[in-house]
Amino acid sequence: MLMPWDKAKLLTDSSAMEIARITEILKHNNIEYECVTKKNESSIGTMVHGSMGASVGGGGAFTFSQSAGPVSYVYHVFVSKKNLERANMLIS
């Protein structure tokens, strides 16, 4: 487990495929990592957009994805500070 004082951000990306490629490289090279996933919108924003979609339009309620658009994610990958340089070299 990476400790908060010993981890460094390796990269941030919005592509799940790129994150999968990176984490496979790290696993293959026995580099411990942590991946943190964040939605592109806050919980309050999700609720607001969801309720707007349900109330807009005379022909019935819209689904969340119709009102708010596609949900996207941002991925942050962390490694230990001692492995940062090696991990950067491997993923290049």
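Below, a trainee and a mentor talk through a predicted model.

Trainee: Why are helix 1 and helix 4 called oblique to each other?
Mentor: Helix 1 (residues 16-28) and helix 4 (residues 84-91) pack at an angle of about 120 degrees. Roughly perpendicular covers 65 to 115 degrees, and roughly antiparallel needs over 145. The angle fits neither class, so the pair is oblique.

Trainee: What describes the packing of helix 1 and helix 4 besides the angle?
Mentor: Their axes are 10 Å apart. The crossing is right-handed.

Trainee: Which residues make helix 1 and helix 4 meet?
Mentor: Helix 1 brings Arg 21, Ile 22, Ile 25 and Leu 26. Helix 4 answers with Ala 87, Leu 90 and Ile 91.

Trainee: What makes Lys 7 count as sitting over the ring of Phe 78?
Mentor: Its charged end is 4.9 Å from the ring centre. The cut-off is within 6 Å, and within 35 degrees of the ring normal. Lys 7 is therefore counted as over the ring.

Trainee: How many aromatic pairs does the structure hold?
Mentor: Zero.

Trainee: What is the confidence in the chain, as pLDDT?
Mentor: The average is 81, and 66% of the residues score at least 70. Over residues 60-67 the pLDDT is below 50. That stretch still has 15 contacts in the model beyond near neighbours in sequence.

Key
Residues are numbered from 1 along each chain as its sequence is written. This is a predicted model: local features need pLDDT of at least 70, side-chain atom pairs count only at pLDDT 80 or more; totals for chains, interfaces and linings use all residues. Side-chain values use heavy atoms; hydrogens and water are left out. Rings of Phe, Tyr and Trp (its six-membered ring) pair if their centres lie within 6.5 Å; planes under 30 degrees apart count as stacked, over 60 as edge-to-face and the rest as tilted. pLDDT is the predictor's confidence in each residue, from 0 to 100. Contact means heavy atoms within 4.5 Å. Axes are lines fitted to C-alpha atoms, for helices over the stretch in contact, and angles run from 0 to 180 degrees between N-to-C directions. Helices (H or I, at least four residues) and strands (E, at least two) are DSSP runs, numbered from the N terminus. Angles under 35 degrees count as roughly parallel, over 145 as roughly antiparallel, 65 to 115 as roughly perpendicular and the rest as oblique. A crossing is left-handed if the near helix is turned anticlockwise from the far one by less than a right angle, and right-handed if clockwise.
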